[in-house]
Structures are given as C-alpha cells and as structure tokens.
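Me: Please take a close look at one helix in this model. Then follow the chain into the loops further on.

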Amino acid sequence: GEEALEAARHAVELIPDDPHLRTVLGLAAWHCQRLTLAQESMERAVELSGEAPDIVADFAFFMAAARGPRLAEAAANETD
C-alpha cells in the first residue's frame, strides 16, 4: 500500500495534470486510510477531466464508501 502510494505521488509529480494519475493517487491514499489526500486527489481528478463520467463515478464511490452518503450526494450535486 505505502509503496503504491509513493509511486502514485511520484507519477503525479511527473505529470500533474493527468486526471487518471490523480485518481490512482486518490485510490492509493484511500487504501492507506489517508482520506484527506484521497478526497483532494479525486476532486482534482474530476476538475482536470472536465467532469468525465468515469472519474466522477470513482469519486462518488469513494465519497459514499469513505465519507458517507450525504457527503457523496453533495459532491455529486457540485459536479452537475
């Protein structure tokens, strides 16, 4: 987990505007229970992707599972 997180951080440092790398960083951070980093990374992925449906779906799943359904709903409504 920690190795994956460090690899994802390094990848984002190399290509900071790639929404897929930001999603990978968010998922790795989630796996390591670094929820603030996970949420920030996934929110940035949504922004960078122009709210691509697959990226928004990953973010919504994270929010529902890690942060609770009310926050997930609020996050989904913000991306409309």
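**Helix H1 and two loops**

Reply: This is a predicted model. Start with the face of helix H1 that is turned away from its buried side: Glu-3, Glu-13 and Leu-14 are exposed there. Each of these has a relative accessible area over 50%.

Now the helix itself. H1 runs over residues 2-14, which makes 13 residues. From the first C-alpha to the last, H1 reaches 19 Å. That is close to the 18 Å expected at 1.5 Å a residue.

Which residues of H1 are buried? They are Leu-5, Ala-8 and Val-12. These buried residues cover an arc of only 65° around the axis, so they lie on the same side of H1. What do they pack against? The buried residues of H1 pack against H2 and H3.

Next, the loops. Helix H2 spans 19-31 and helix H3 spans 35-49. Gln-33 is found in the loop between them. Its phi is near 65°, a positive value in a residue other than glycine. Why look twice at that sign? Most residues other than glycine have a negative phi. Gln-33 is also exposed, with a relative accessible area of 58%.

Glu-51 is found in the loop between H3 and helix H4, which covers 53-67. Phi of Glu-51 is near 65°, again a positive value in a residue other than glycine. Is Glu-51 buried, exposed or partly exposed? Glu-51 is partly exposed, because its relative accessible area is 38%, and partly exposed covers values between 20% and 50%.

Notes: Residues numbered from 1 in each chain as written. Predicted model: local features only at pLDDT ≥ 70, side-chain atom pairs only at ≥ 80, totals over all residues. Heavy atoms only, no water. Helix = DSSP H or I, 4+ residues; strand = E, 2+ residues; numbered from the N terminus. Buried < 20%, exposed > 50% of the residue type's maximum accessible area, 1.4 Å probe, protein only. Expected span 1.5 Å × (residues − 1). Arc of directions from axis to C-beta. Contact = heavy atoms within 4.5 Å.
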